[in-house]
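Subject: Structure handover

Hello,

As agreed, I am passing the structure on to you. Please open it first and then read the notes below it.

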Amino acid sequence: MSAKIAFQGELGAYGHQACVEARPQHDPLPCPTFNAAIEAVRKGDAELGMIAVENSTYGRVADVHSLLPESGLHIVDEAFVRVHINLLAKPGAQLSQIEHALGHVVILPQCAGFLREHGITGQTSSDNAKAARDVAEGDDLTVGALASELAAEIYGLNVVARHIEDHDRNTTRFLVMSREPDYKKRGKHGMMTSFVFRVRNIPAALYKAMGGFATNGVNMTKLESYMVGGNFNATQFYAEIEGHPDDRNVALALEELDYFTDHLKLMGVYPSAPRRHERT
């Protein structure tokens, strides 16, 4: 029996596409929510989880960064998926007939220009693949779905408009999660280290905590803050840096960070994806 990889959404979702591209040897396991996908890995129903974290047009995927630290899982890889948005419709429907387009709240802003140009009203759906399935199961030729070509194949829909995203480099980044960390792996394009931390309650703590990365020549590619438990006074930071904790400069930077924090948790060490280094 093949190993499984869990993702949020239905078959044909962009998470499904990410699984097919990044882990073709695994069987995709659709889950209704990110929580469910994480739980599937935690329980052993899947070996890996494919979790969307950010989109180049829309930004951060809401709530994901607060879910990951409590998941008990480890980041073992990253995948960048080029998101081509297509307008799908029932066989026989023409673009000029489409009045409404179903799509996830994240995808609607990514093709707002196209929808406006063609006088199409966007309507939210819980999932892009579900939108495609709903259109396929209905009989209204004026309703389309915003989804992948994979979804069109799965649900027997026609692509009436292809690659309608407003930005021609529209990309979603996914993190591959596992029950066990893998610190031995090394990547051709370098390594990434992700961690969360909370600074001590002293003046300029964050400034001082960040100083160790600068003095040790460690490049920090991401630093995001979010509240913990709805408490305005409890802020946690999620960070990503280039390098491996075994690298001398990274070890020194993390040691200095630890001095200024009251909570520091390593989330994962994984190869830097080739697409991360593509020039825009």
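The notes below go from the whole chain to single residues.

Please keep in mind that this is a predicted model.

The whole chain

The chain is made up of 280 residues, and 48% of them count as buried. Its secondary structure comprises 8 helices and 15 strands. The radius of gyration is 21 Å, close to the 19 Å that the globule rule gives for 280 residues, so the chain is as compact as a globular protein of that length. Measured out along the principal axes, the C-alpha trace spans about 65 × 45 × 35 Å.

Contacts between residues far apart in sequence are well represented: among contacts with a separation of 6 or more, 74% are between residues 24 or more positions apart.

The accessible surface of the chain is about 13400 Å², and carbon and sulfur atoms account for 49% of it. As for charge, there are 35 negative side chains and 27 positive ones. The centres of these two sets are 5 Å apart.

The cysteines

How many disulfides does the model have? The count is 0. A disulfide is a covalent bond between the sulfur atoms of two cysteines. For the count used here, the two sulfur atoms have to be within 2.5 Å. The closest cysteine sulfur to that of Cys19 is in Cys31, and because the distance is 9.4 Å, it is too far for a bond. Seen from the other side, Cys31 has its closest cysteine sulfur in Cys19, again at 9.4 Å and too far for a bond. Cys19 is buried, with a relative accessibility of 1%. Cys31 is buried as well, and its relative accessibility is 5%.

His26

His26 sits in the loop that runs from helix H1 (14-22) to strand E2 (27-31). Is this residue buried or exposed? His26 is buried, because its relative accessible area is 14% and the cut-off for buried is under 20%. Apart from neighbours within four places in sequence, the residues in contact with His26 are Ala3, Lys4, Ile5 and Leu48.

Ile154

Ile154 belongs to helix H6, which covers residues 149-155. With 37% relative accessibility, Ile154 counts as partly exposed. Which residues does Ile154 contact once neighbours within four places in sequence are left aside? They are Leu11, Gly12 and His16. Another pair to look at is Ile154 and Ala132: they are 22 residues apart in sequence, and their C-alpha atoms are 9.1 Å apart in space.

Two residues with positive phi

His163 has a phi near 55°, which is a positive value in a residue other than glycine. Its place is the loop between strand E10 (158-161) and strand E11 (171-178). The relative accessible area of His163 is 38%, so the residue is partly exposed.

Ala204 also has a positive phi, near 60°, and is likewise a residue other than glycine. The loop that holds Ala204 lies between strand E12 (191-199) and helix H7 (205-215). At 45% relative accessibility, Ala204 counts as partly exposed.

That is what I have for this handover.

Regards

How values were computed:
Residues are numbered from 1 along each chain as its sequence is written. This is a predicted model: local features need pLDDT of at least 70, side-chain atom pairs count only at pLDDT 80 or more; totals for chains, interfaces and linings use all residues. Side-chain values use heavy atoms; hydrogens and water are left out. Helices (H or I, at least four residues) and strands (E, at least two) are DSSP runs, numbered from the N terminus. Buried means under 20% relative accessible area, exposed over 50%, partly exposed in between (1.4 Å probe, protein chains only). Contact means heavy atoms within 4.5 Å. The radius of gyration is taken over C-alpha atoms; the globule rule is 2.2 Å times the number of residues to the power 0.38. Accessible areas come from the Shrake-Rupley method with a 1.4 Å probe; for residues, only the protein chains shown count as cover. Lys and Arg count as positive and Asp and Glu as negative; His and the chain ends are not counted. The place of a charge is taken as NZ of Lys, CZ of Arg, CG of Asp or CD of Glu.
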